[in-house]
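Work through the exercises below with the model open. Try each task before reading its solution.

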Amino acid sequence: WYTHNGPEPIPVSSGPRIRLLGPVLAIEAVTAEDGGVYKCSAANAGGEASADLRLTVSTPIHVEITPNVLSVHMGGTAEFRCLVTANGMSAGPQHITWFKDGRQLPSSGRVGDTLQVTGVTREDKGMYQCVVRRQEGDSFQASAELQLGDAPPSLVYSFIEQTLQPGPAVSLKCSAQGNPTPQIAWTLDGFPLPTNGR
């Protein structure tokens with residue numbers, strides 16, 4: 001057995017983690033340094049045959065989203081960053097996909113490892129996931145929560161002034177948005193509406 005990572009193959013020597021068991025090369029507690037090209041060579045009086053194989057050691061990666069919980073007022077901007085590390089150091093560019101509540105998000109609003117949500121609405125609150133997939137096929141993920149901060153009420157619809165003859169029914173509509181959800185109260189000339197059957 002040889003390692004073939006330079007100009008010339010270097011014979012593999014037995015050691016604390018490496019054992020040569022006849023035709024088998026056994027490496028215990030594999031590390032990233034063990035990765036590379038190995039060459040198996042067989043020879044006899046009739047000649048020689050060899051084969052190369054590449055050992056790739058995948059380092060486990062850690063994924064986290066910062067911030068983990070973000071509170072943003074309605075209409076504001078939320079920004080999440082997906083941090084990918086291996087052995088405590090940046091793992092470099094990765095294939096990152098963002099999800100919200102389990103559904104994949106379109107690519108708009110993403111710059112590299114950062115997701116930006118502008119003009120935050122009530123529909124934007126929830127759980128966001130960053131999923132990292134590697135060429136080896138394994139995937140890692142992290143999640144963070146977007147909460148809505150307090151937002152004062154604002155009227156999104158109010159009725160128009162009407163002039164009516166006595167008799168017919170009239171329906172007036174008023175709706176508001178805010179966080180928490182605003183409670184609507186009606187008054188007539190500044191006084192609470194009388195409670196009667198009409």
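Strands are DSSP runs of E, at least two residues long, numbered from the N terminus. The model used here is predicted.

**Exercise 1. Place the cis peptide bond.**
Task: Which residues does the cis peptide bond join, and in which loop is Pro 67?

Solution.
- Step 1. Look at the omega angles. Thr 66 and Pro 67 are joined by a cis peptide bond, with omega about -5 degrees.
- Step 2. Find the flanking strands. Pro 67 sits in the loop between strand S7 (61-66) and strand S8 (69-72).

**Exercise 2. Lay out the chain.**
Task: State how the chain is divided, and how far apart the centres of domain 1 and domain 3 are.

Solution.
- Step 1. Take the division. Domain 1 covers 1-57, domain 2 covers 61-148 and domain 3 covers 152-192.
- Step 2. Compare with the record. UniProt, in an unreviewed entry, places "domain: Ig-like" at residues 1-58, 60-147 and 153-198.
- Step 3. Check the make-up of two of these spans. Residues 1-58 are 0% helix and 52% strand, with end C-alpha atoms 22 Å apart. Residues 153-198 are 0% helix and 35% strand, and their end C-alpha atoms lie 28 Å apart.
- Step 4. Take the centres over C-alpha atoms. Those of domain 1 and domain 3 are separated by 81 Å.
- Step 5. Try a residue pair as well. Ser 158 and Lys 39 are 119 residues apart in sequence, and their C-alpha atoms are 79 Å apart in space.

**Exercise 3. Classify two strand residues.**
Task: Are Thr 97 and Ser 158 buried or exposed, or in between?

Solution.
- Step 1. Locate them. Thr 97 belongs to strand S11 (residues 95-100). Ser 158 belongs to strand S17 (residues 151-158).
- Step 2. Apply the cut-off. Buried means under 20% relative accessible area, and exposed means over 50%.
- Step 3. Thr 97 has 7% relative accessibility, so Thr 97 is buried. Ser 158 has a relative accessible area of 40%, so Ser 158 is partly exposed.
- Step 4. List the contacts, leaving out residues up to four places away in sequence. Thr 97 touches Gln 104, Gln 129, Cys 130, Val 131 and Arg 133. Ser 158 touches Lys 173 and Cys 174.

**Exercise 4. Examine two positive phi values.**
Task: Where are Asp 101 and Asp 189, and what is phi at each?

Solution.
- Step 1. Asp 101 lies in the loop between S11 and strand S12 (103-104). Its phi is near 50 degrees, a positive value in a residue other than glycine.
- Step 2. Asp 189 lies in the loop between strand S19 (187-188) and strand S20 (191-192). Its phi is near 55 degrees, again positive in a residue other than glycine.
- Step 3. Add accessibility. Asp 101 is at 45%, so Asp 101 counts as partly exposed. Asp 189 is at 71%, so Asp 189 counts as exposed.

**Exercise 5. Describe the pockets.**
Task: What volume does the largest pocket have, and which residues are closest to its centre?

Solution.
- Step 1. The largest pocket has a volume of about 810 Å³. Among its 20 lining residues, Val 170, Leu 172, Leu 188, Leu 193 and Arg 198 are closest to the centre.
- Step 2. Sort that lining. It holds 12 nonpolar, 6 polar and 2 charged residues.
- Step 3. Repeat for the second largest pocket, at about 160 Å³. Of its 13 lining residues, Cys 82, Val 84, Ser 90, Gly 92 and Asp 113 are closest to the centre.
- Step 4. Sort again. The second largest pocket is lined by 6 nonpolar, 5 polar and 2 charged residues. Strand S9 (residues 78-86) gives the most to this lining, with 5 residues.

Terms used:
Residues numbered from 1 in each chain as written. Predicted model: local features only at pLDDT ≥ 70, side-chain atom pairs only at ≥ 80, totals over all residues. Heavy atoms only, no water. UniProt positions renumbered as here; feature names shortened; annotations may be inferred. Helix = DSSP H or I, 4+ residues; strand = E, 2+ residues; numbered from the N terminus. Domains from an automatic or database assignment. 1 Å grid on protein atoms, 1.4 Å probe; cavity = no way out; pocket = protein on both sides within 12 Å on 5 of 7 lines; lining within 4 Å. Points joined across faces, edges and corners; volume = space filled by probe spheres on them. Nonpolar A, V, L, I, M, F, W, Y, C, P; charged D, E, K, R; others polar. Buried < 20%, exposed > 50% of the residue type's maximum accessible area, 1.4 Å probe, protein only. Contact = heavy atoms within 4.5 Å.
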